[in-house]
Amino acid sequence: MAALDEIADPEIPAVSIVELGMIGGIDVEADGLRVELLPTFVGCPALEVIREAVTDRLRAFGRPVEVQTSFATPWTSDRISPAGREKLRRSGFAPPAHIGSVRALPMLGEAPIRCPYCGSSRTSIENVFGPTQCRSILHCADCRQPFEAFKPV
Amino acid sequence: MTAMVTPAAAADALAPGVRTALAELLLTMADDEFVSGFTDSEWTGIAPLLEEDVAISSISQDELGHARALYQLLAEVLADGRDEDAIAYDREPDQYRHARLLDHPRGDWADTIARRVFYELADEARLASIGPGYRPLADLVEKLRREERYHRMHVLAWLDRLGNGGPEPRRRLESALLAHGLDAPTVFTPLDGEADLIEAGILTRSMAAAEAAWRADLTTVMVPLGLALPPSIERSPSGRRDHSDAFDWLWSEFTMVRRSEDGVTW
């Protein structure tokens with residue numbers, strides 16, 4: 001797991017795939033290592049890059065490596081660790097609110113998203129959709145800075 | 001780590017008739033997402049607003065990703081040596097099974113919103129009809145629904161905006177809803193193996209029952225805006241088989257790279 005924590009997310013390099021909660025589990029078996037990789041978004045184009053990075057890194061242990069993509073444990077933004085959330089905030093991404101198992105829309109009508117730069121709550125969602133599938137675009141009325149937020153799913 | 005049942009092993013556990021029916025269901029779901037993703041991606045660069053350009057492009061990317069995941073499951077169920085790319089790109093136009101609702105050129109923005117209102121709510125009614133009978137699909141659907149609710153929010157915001165946006169937007173919206181409403185129920189075209197799928201717990205209800213749920217959802221969003229619901233149509237298998245010239249053009253676009261070189265990948 002420590003080895004995988006070295007692998008940064010290709011689209012948000014400030015956080016690792018472990019901090020994002022993308023590793024469902026690792027089995028160490030007699031015939032090699034098996035990793036369960038949980039895609040953040042179903043169509044995430046970075047997934048193949050991540051899969052190759054995981055395989056390459058774990059090959060260093062000298063055993064065969066198998067990486068299986070799985071939806072059996074659904075990845076949700078609640079899986080992002082506290083350390084991952086802090087790193088997101090420090091790099092200008094508002095971390096996602098916890099959503100639990102709620103089926104309702106997670107971004108609207110809840111506590112305002114705090115600006116990652118000045119901490120203000122006077123922010124507005126400019127676009128739920130952003131430059132990648134997992135990101136939204138917001139604006140802070142206090143420091144007048146546009147910023148991005150990790151989309152809660 | 002929990003013991004994972006692979007999609008292939010789960011498919012091997014199904015009775016042959018159920019397996020065939022599951023392949024048909026997966027193909028219709030995947031083709032719907034695939035064709036709708038490609039059609040809507042035609043807005044990239046020319047959407048009415050810059051923010052909308054970002055939004056519709058992101059939604060299209062989601063839909064193509066959903067199609068890919070569904071084609072991957074289909075490849076495991078068919079087990080005929082084709083991978084998801086071969087299924088997506090190496091068919092002739094008449095072998096695609098998307099609903100006629102999605103078989104139209106991009107049109108203007110009102111056409112896109114009308115089509116997407118009908119489709120997004122229909123997709124949700126269909127996803128809500130998937131039971132645990134084929135675990136890999138049930139797991140994927142749980143994940144898809146978390147993403148699709150953003151799509152519904154997006155298109156319903158536009159429905160409201162055009163519906164309350166003054167005479168010209170209203171007129172265009174009404175005319176687009178009327179035109180696409182005729183094809184809207186084709187998403188619920190009956191499947192040959194529907195009874196088998198219900199028996200196996202892969203579907204929890206018939207396409208007719210899903211359509212009834214869809215009409216109830218449409219009523220709650222369209223009636224408050226004073227918009228007319230789509231008419232009922234005779235249920236016929238041709239709803240997923242008769243493709244238009246517009247689809248021939250789209251097909252030639254999305255297969256262009258694949259046809260340019262053998263075995264080229266996404």
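**Exercise 1. Find which residue of β3(A) stands opposite A:L37.**

Step 1. In this predicted model, A:L37 stands opposite A:T69 in β3(A). Strands here are DSSP runs of E of at least two residues, while helices are runs of H or I of at least four residues, and both are numbered from the N terminus.

Step 2. Next, place the pair within its strands: β2 (residues 32-37) of chain A and β3(A) pair in the parallel sense over 5 bridges, where two strands count as paired if DSSP finds at least two bridges between them.

Step 3. Then widen the view to the sheet, which is open, has 3 strands in the order β1-β2-β3 (chain A), and shows mixed pairing. β1 and β3 (65-69) of chain A are the edge strands, each with a single partner, so one side of each has no neighbour in the sheet. From one strand to the next, the twist averages 15°.

Step 4. Finally, add the helix: α1 (residues 47-59) of chain A lies across β2 and β3 of chain A and runs at about 155° to β3(A). Such angles run from 0 to 180 degrees between N-to-C directions, with axes that are lines fitted to C-alpha atoms, for helices over the stretch in contact.

Before going on, note the conventions: residues are numbered from 1 along each chain as its sequence is written, and chains are lettered from A and ligands numbered from 1 in the order in which they are written. Because the model is predicted, local features need pLDDT of at least 70 and side-chain atom pairs count only at pLDDT 80 or more, whereas totals for chains, interfaces and linings use all residues.

**Exercise 2. Describe the surroundings of strand β7 (residues 146-150) of chain A.**

Step 1. Begin with burial: 4 of the 5 residues of β7(A) are buried, a residue being buried if 20 or more other C-beta atoms, placed from the backbone, lie within 10 Å of its own, exposed if 12 or fewer do, and partly exposed in between.

Step 2. Look for the parallel partner, which is β4 (residues 93-94) of chain A, joined to β7(A) over 2 bridges. Here A:A94 has A:A149 as its bridge partner.

Step 3. Turn to the antiparallel partner, β6 (residues 135-140) of chain A, which 5 bridges join to β7(A). The bridge partner of A:S136 in β7(A) is A:A149.

Step 4. Follow the chain between β6(A) and β7(A), which form a hairpin with 5 residues between them, and note that A:R144 in the turn has a positive phi of about 55°.

**Exercise 3. Work out which elements of chain A touch chain B.**

Step 1. Start with the whole contact, in which 23 residues of chain A meet 26 residues of chain B; two residues are in contact if their C-beta atoms, placed from the backbone, lie within 7 Å.

Step 2. Assign these residues of chain A to elements: β1 (23-29) and β5 (123-127) of chain A each give two or more residues, and β1(A) gives the most, with 4 residues.

Step 3. Sort this side of chain A by class, which yields 11 nonpolar, 9 polar and 3 charged residues. Ala, Val, Leu, Ile, Met, Phe, Trp, Tyr, Cys and Pro count as nonpolar, Asp, Glu, Lys and Arg as charged, and the others, Gly among them, as polar.

Step 4. Close with the confidence in the complex, for which the predictor gives an ipTM of 0.89 and a pTM of 0.94.
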